[in-house]
Amino acid sequence: FSNQHTWYLATLSSVSAKSKAETNPTIPFSKLIYTYNHVIQGFSASLTPAELESLKNTPGYVSSVKDRVVKIDTTHSFKFLGLNSGTGVWPVSRFGKDVIIGVIDTGVWPESESFNDDGMSDVPSRWKGECESGTQFNSSLCNKKLIGARFFNKGLIAHNSNITISMNSTRDTEGHGTHTSTTVAGTYVKDASYFGYAPGTARGMAPMARVAMYKALWEEGAYTTDIIAAIDQAITDGVDVLSMSLGLDGVDLYEDPIAIATFAAIEKNIFVSTSAGNEGPDVGTLHNGTPWVITVAAGTMDRDFGATLILSNKVSINGLAQYPGNFTSTEFPIVFMDTCSNKTELSKIKQKIIVCQDPGKEDSLDDQFNNIQAAGNIAAVFITNSSSVDVFVQSPFPAIFLVQKDGDTVVDFIKSNTDPKASIVFKKTILGIKPSPRVTSYTSRGPSYSCPLVLKPDIMAPGDSVLAAWPPNIAAARVNQDLVFSNFNLLSGTSMACPHVSGIAALLKAVYPNWSPAAIRSALMTTSDQIDNTGSPIKDIGGNLRPADPLAMGAGHVNPNKALNPGLIYDATVQDYVDLLCGLNFTQQQIKTITKTSSNNCSNPSLDLNYPSFIAFFNDRGAKPNSTTVVEFGRTVTNVGDGSFTYKANVTPINGLKVTVEPDTLVFKTKYEKKSYKLSIEGPKQLHKAVLFGYLTWEDSGKEHVVTSPIVATSYKIEK
C-alpha cells in the first residue's frame, strides 16, 4: 500500500465484506472515522461485533479499544479558547498566579466551591484590600482566592433615604456577580453542570489569580456614585485588573463617571475590561466606547444544549433545548397544530406532544410559546428559523426547537402515520458545533457614541450560555410553576464575555508585569481570530449570517495563546490619551474633569490615537458626486519579539477604497525598538454603503508573527 490510510481502508473493506457475507448483507459499509498519524499506529472505525472479530484475524492487528464517553474537564469556554495545562499562556503565566482581579458587580456567594483556595499561596503582601463584614457576611468568609469583599451603597441610599437594603453586605442576592467573578478566576470544581447540561470541571480563565469583589450594583438600584467609589477603592487596594460588566448609554467621555474613573485606573497601570452592552444588532448602540479601556463583544461557542426527539419509526432528530426538569422517556402521541394560534383547540389536547410551525412573523414564536404554556401539555416541538430562539430555550415546560429542515421531517412523519408517537430525551450537550464562533445578535455595535474616532468594540469573547457559579438560594430556572436551584447557571450576554477577557488579560499581566494596559489590549486585539472553525470569516447572527464587520466584533475573537507572543504592540501613554482629548476640542474644564489636573499639555492635539485599529468616516452628505477625500493615520509599533525582525505590510482589498501603507516594510534590529508608518484611505466623500472593512497585517519574514488590525470605512453619522 502507498500509505497507512489505504491499507486501513482495504482492511476495513475486506472485514466488512466478510461479516456481511456471514450475517446480514444489508448492513451499510462501516465507515472509517479517523486515520491517526502520531497518537497511535491505527485508526478508529464504527464496527459490528462480527466485524471486530473478523478484524482481529487480519494481518498487522495489535489491539482494539471500545470508544467511551469522555468526561470533559470543563464547562468548556476555556477549551474553546485553546487554553490547556501543557502549553501556551496557562503554564507560562502559572495560571495567572498572584494577579489580583477586581470585579465591580452585584456581590459574591463566598461559599461557592469556585472560591476554594486549595493549593494557593499566601495573599500577596502588596494587597491593601480587606473583607468587610455585613449582613450574612463575616470577614472570615474571605480566603486566599477571594481576598477582598467590599460594598458600596451610599449613593443608592442618598437617592432614597427610606430604602431598606435587603442584604447590606457583599453577599450576592442576584447571581450576576458570582457568575462573572468565577468566569474570570474561578478555581477548579468537578462535576459542575446546569441541571445536567454542560457537565464537566468548571474553572475560570485565570484559575490561580485572586479575586476582590466590589459590590456596587444592588437589587434596589445601581448608581454611578457607588460604582466609581468601588473603582476608587479598587485602585487604593491594589488590583491589577478591573472587570466591569456594566455601562452607561449615550454619554460623553467627560460626563461618563465610568470613563473618568477608569482613566485614573489606567494612570496606575490597571487594565480595565468592560462589556459592550446587549442592545444589538442596531449600530451605534455600544457603551463603554472609552479609548483607554477594552470593550468586549459577545460571541457564541462551539457548544449547544439540546434534546433528541425520537419518532416511533426510530428516526432521531436533534434540536435546541435547555429544559431543566426531569422528563420521562415514554412515547406519547404527537400532533401537528400548525401555527398553534388556536388557544381553544390547544386546551382540548391532552397527554400529547404538540408540534408548532412558526410562521416567521415578528413575535410569532413568542405568541406560540405563550399559547402552549397557557394550554399546558406533555411537551412542545417548535419549528422555527428565528434568530431569537435563544430567548426561549430555557423553557419552564418541556420544549425542543427544530430548524425548518428537521421540522419538515417531523410534520411529514405525523401526516403519513395513522398513530404517530414520539419520545424526547433532554439534557444533551453537543460539542464541536460548526460554524463557531459567531457574533451574537444582542451584542451592541459601534461606532462609539462617546469617541467615534476610536473603533469599538475592541474584541469578541464567549458570551452565549456560559456556565459559572451561582448562589444556591437564587432560582436558576423554573419548571412549570416551581423554582429550581443550582450551584451553577448558564447565562448569556456581553456581561459574560467581559470577564473572559479580564481573565485572559490577567494571564498576560502575570507574564508581562511591566506592560501597559494599552500594550496588553494591543496584544489581545492584533492576535485575535477573524476566521471561524470552518476556515471561513466569522459570521454575524444579527446581520443575517453575513461576515461580521469590526463594528460588531472588533478586531476578532480573542485567542489567548497567540496573544502571548504578539510580535509588535501599539502602545499608548496617558499623554497620548490627553492629546486625543485635546484633539476632540474638549474645553480645558472638560479635559480636567477626566485627567484631574489643570496642567494638561495640549501642545500636540491629535484625533489619531496610536490604536491597533482604524475607522474613517465618509459621511459628507453635501459632497459633489464622485468627489473623493483622503483620511490619514499615523501609527507607531514597538517590537516586543526577541531579536531582529523585518515586517511586511499587507492590506486586504476593500472595494471602492484605496488603502496605502507607507513604508510597507519595517526593519527592527533590537527588542523594544519603535518604528512608525502611515496608513491612508482614499474614498468618496459620501460612501454609498454603510460599512466597508478589511484588514492590515504586518507579517515578519520568518512568519512567526502576524499582527492584524481592522480597517473600517463608514457613512454613519453619530447624532449627538
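Trainee: What makes C582, Q588 and I591 count as contacts of C602 in this predicted model?

Mentor: In this predicted model, C602 touches C582, Q588 and I591 once residues up to four places away in sequence are set aside, and a contact requires heavy atoms within 4.5 Å. C602 itself is found in the loop between helix 18 (588–595) and strand 29 (614–617). C602 and L580 are 22 residues apart in sequence, while their C-alpha atoms are 9.2 Å apart in space.

Trainee: Why is C602 called partly exposed?

Mentor: The relative accessible area of C602 is 28%, and the partly exposed class lies between the limit for buried, under 20%, and the limit for exposed, over 50%; C602 is therefore partly exposed.

Trainee: K596 is in that loop between helix 18 and strand 29 too; what makes its phi worth a remark?

Mentor: K596 has a positive phi of about 65° although it is not a glycine. Most residues other than glycine have a negative phi. As for accessibility, K596 stands at 48%, so it counts as partly exposed, given that exposed would need a value over 50%.

Trainee: Why, then, is Q351 called exposed?

Mentor: Q351 has a relative accessible area of 52%, and because the exposed class begins over 50%, Q351 belongs to it. Q351 is placed in the loop between helix 9 (343–348) and strand 16 (353–357), and its phi, near 55°, is likewise a positive value in a residue other than glycine.

Trainee: How do you know whether T714 is buried or exposed?

Mentor: The relative accessibility of T714 is 0%, and since buried means under 20%, T714 counts as buried. T714 is found in strand 36 (residues 706–714), and, leaving aside neighbours within four places in sequence, T714 is in contact with I615, A616, F617, F618, L687, A690 and V691. In addition, a polar atom of the T714 side chain lies 3.0 Å from the backbone nitrogen of Y716.

Trainee: Which peptide bond leading into P435 is called cis, and how do you know?

Mentor: The peptide bond from K434 to P435 is cis, with omega near -5°, and P435 is found in the loop between strand 19 (421–431) and strand 20 (438–439). A cis peptide bond also joins K456 and P457, where omega is about 0°; P457 is placed in the loop between strand 20 and strand 21 (459–462). Most peptide bonds are trans.

Trainee: Why are helix 7 and helix 8 called roughly parallel?

Mentor: The axes of helix 7 (residues 224–237) and helix 8 (residues 257–267) come within 10 Å and cross at roughly 5°, and because angles under 35 degrees count as roughly parallel, helix 7 and helix 8 are described that way. The contact is made by T224, I227, I228, I231 and I235 of helix 7 together with P257, I258, A261, T262, A264 and A265 of helix 8, and these residues divide into nine nonpolar, two polar and no charged.

Trainee: What makes strand 11 mostly covered, and which strand pairs with it in the parallel sense?

Mentor: Five of the five residues of strand 11 (residues 271–275) are buried. From strand 11, F271, S273 and S275 point one way and V272 and T274 the other way. In a regular strand the side chains alternate between the two faces of the sheet. Strand 10 (residues 241–244) pairs with strand 11 in the parallel sense over four bridges, and at least two bridges are needed for strands to pair. Within strand 11, S273 is the bridge partner of S243.

How values were computed
Residues are numbered from 1 along each chain as its sequence is written. This is a predicted model: local features need pLDDT of at least 70, side-chain atom pairs count only at pLDDT 80 or more; totals for chains, interfaces and linings use all residues. Side-chain values use heavy atoms; hydrogens and water are left out. Helices (H or I, at least four residues) and strands (E, at least two) are DSSP runs, numbered from the N terminus. Buried means under 20% relative accessible area, exposed over 50%, partly exposed in between (1.4 Å probe, protein chains only). A polar contact is a pair of N or O atoms within 3.5 Å; within protein, one must be able to donate a hydrogen and the other to accept it, and residues adjacent in sequence count only if both atoms are side-chain atoms. Axes are lines fitted to C-alpha atoms, for helices over the stretch in contact, and angles run from 0 to 180 degrees between N-to-C directions. Angles under 35 degrees count as roughly parallel, over 145 as roughly antiparallel, 65 to 115 as roughly perpendicular and the rest as oblique. Ala, Val, Leu, Ile, Met, Phe, Trp, Tyr, Cys and Pro count as nonpolar, Asp, Glu, Lys and Arg as charged, and the others, Gly among them, as polar.
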